[in-house]
Amino acid sequence: MAVRRSFKFLLRPTRGQVVALTACLADHQQLYNAALEHRRTAYRKAGVTVRYGEQSAELKHIRADDPGGQGRWSFSSQQATLRRLDKAFRAFFDRVKAGHAPGFPRFKGRGRFDTVEWPKDGDGCRWDSQPGHPAATYVRLQGVGQVRVHQHRRVLGTVKTISVKREGSRWFVVLSCDDVPAETLPATGAVAGIDVGLVHLATTSEGEHLANPRHLHTCAERLATAQRDLARTRRGSNRRRKAVARVAALHAKVRRQRLDAAHKAALALVRDYDVIVHEALKVTNMTRRAAPKPDGVGGHLPNGAAAKSGLNRSILDAGWGVFLTILSHKAESAGRELITVNPANTSRTCSRCGHCAAENRVTQAGFRCTACGHTAHADVNAAVNILRAGLALRDAARAA
């Protein structure tokens with residue numbers, strides 16, 4: 001079985017290449033915003049809907065009129081930027097049809113446009129452009145040159161698309177590869193349900209706890225200091241630019257630590273179990289702000305916003321969404337079966353007698369059934385219920 005996989009490597013550009021990469025991002029950002037303004041103006045003034053094909057056809061004229069700017073970059077990468085805008089509009093119309101909050105496509109500022117994509121290896125870009133080099137790997141980018149890559153692992157499959165991404169002061173190349181052979185693991189015969197939480201990142205139905213490192217909490221003091229320094233700076237000053245870079249570097253470090261912990265936890269589960277069941281959590285909905293409560297006389301009643309804000313911060317610090325996404329990818333690659341179940345009442349139901357009541361949850365970690373007296377760790381009890389529900393779903397699907 002073959003799968004699609006992405007490989008991300010750190011770039012080692014020279015100072016001149018950093019200038020060129022920055023200009024490349026800026027010009028693609030300008031192209032994106034100009035194309036968005038074109039669509040908005042055409043519809044507002046004449047009621048005309050402009051599509052990707054028309055904007056792509058105008059690219060050759062734009063490049064000819066600006067040879068030292070837009071004309072420097074790959075034609076296919078500029079088409080990819082226009083497709084990105086077209087995708088944003090299609091998603092907008094899909095949300096409108098579905099009755100959801102539409103969210104009209106917005107102009108991209110410098111901080112919100114950090115990626116340029118080349119849709120095909122060899123068209124404006126070339127991965128491993130110096131294959132005979134004895135000690136280094138290079139990627140060739142049109143308008144930038146041969147950029148050195150810190151390749152820390154082997155690339156598998158066939159390189160289809162190449163993207164360059166800016167994260168703070170660092171630059172990365174991301175390869176999307178097809179036909180990557182799946183690394184199927186030998187069967188273990190074991191099954192497990194997992195319950196994600198804040199004290200422990202995950203707890204299995206067998207009673208194993210996976211630690212929640214809480215990287216943001218660990219870095220909170222340094223981050224608060226850096227943000228106070230940032231608040232004291234003047235906009236546009238060199239001191240502010242350095243302060244912004246320090247805050248961004250701290251957030252980037254937390255993100256890398258969280259990803260590393262999620263990869264290790266997911267890999268441990270995939271190695272140990274053939275079938276893994278978890279709750280279908282909607283983390284975005286769970287971390288929404290508390291809704292205001294008007295008191296009817298122009299003010300508001302207490303709504304627990306401070307406590308909800310702290311809970312949201314802890315959930316996001318745990319990285320449930322990242323962990324479950326990585327777990328699904330690793331399970332697919334390893335040939336494991338992953339089942340999702342409805343999370344409703346899994347932590348309130350007794351795994352022995354099935355009695356469901358809010359009073360069963362004595363404390364954060366304590367569970368005691370008010371019907372049969374069964375006691376257990378609350379997360380382990382929930383994981384057992386999750387496993388049982390997942391196996392029931394699997395048996396029903398097979399019977400059908």
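A residue counts as buried when its relative accessible area is under 20%, as exposed when that area is over 50%, and as partly exposed in between. Keep these cut-offs in mind as we walk through this structure, which is a predicted model.

**Helix H11**

Let's start with helix H11, which covers residues 378–399. Its buried residues are Ala378, Asp379, Val380, Asn381, Ala382, Ala383, Asn385, Ile386, Leu387 and Gly390. How far apart are the end C-alpha atoms of this helix? They are 32 Å apart, and this agrees with the span of 32 Å that its 22 residues should have at 1.5 Å a residue.

**Salt bridges**

Side chains of opposite charge can pair when their charged atoms come close. The structure holds 16 salt bridges, and the table shows some of them.

| Salt bridge | N to O distance |
|---|---|
| Arg126 and Asp121 | 3.8 Å |
| Arg232 and Asp229 | 3.2 Å |
| Asp379 and Arg361 | 3.8 Å |

One of these pairs takes us back to helix H11: the side chain of Asp379 meets that of Arg361. Asp379 lies in helix H11, while Arg361 sits in the loop between strand S14 (337–341) and strand S15 (366–368), so this pair ties together parts that are 18 residues apart in sequence. Is Asp379 buried or exposed? Asp379 has a relative accessibility of 6%, so it counts as buried. Arg361, at 27%, counts as partly exposed.

Salt bridges can also share partners, and in this way Lys8, Glu167 and Arg255 are joined into one network.

Now look at the other two pairs in the table. In the pair of Arg126 and Asp121, Asp121 has a relative accessibility of 18% and therefore counts as buried. Its partner Arg126 is partly exposed, with a relative accessible area of 36%. In the pair of Arg232 and Asp229, Arg232 reaches 56% relative accessibility, so it counts as exposed. Asp229 is partly exposed, with a relative accessible area of 26%.

**A patch of positive charge**

Which residues gather in a patch of positive charge on the surface? They are Arg12, Arg148, Arg170, Arg222, Lys253 and Arg256. Let's take Lys253 as an example. Lys253 is found in helix H7, which covers residues 238–272. With a relative accessible area of 33%, Lys253 is partly exposed. Patches are made of residues with over 30% relative accessible area and no salt bridge, so the 33% of Lys253 passes the area cut-off.

Technical notes
Residues are numbered from 1 along each chain as its sequence is written. This is a predicted model: local features need pLDDT of at least 70, side-chain atom pairs count only at pLDDT 80 or more; totals for chains, interfaces and linings use all residues. Side-chain values use heavy atoms; hydrogens and water are left out. Patches are made of residues with over 30% relative accessible area and no salt bridge: like charges are joined within 9 Å, nonpolar side chains (Val, Leu, Ile, Met, Phe, Trp, Tyr) within 5 Å. Accessible areas come from the Shrake-Rupley method with a 1.4 Å probe; for residues, only the protein chains shown count as cover. A salt bridge is a side-chain nitrogen of Lys or Arg within 4 Å of a carboxyl oxygen of Asp or Glu. Lys and Arg count as positive and Asp and Glu as negative; His and the chain ends are not counted. The place of a charge is taken as NZ of Lys, CZ of Arg, CG of Asp or CD of Glu. Helices (H or I, at least four residues) and strands (E, at least two) are DSSP runs, numbered from the N terminus. Buried means under 20% relative accessible area, exposed over 50%, partly exposed in between (1.4 Å probe, protein chains only). The expected span of a helix is 1.5 Å times one less than its number of residues.
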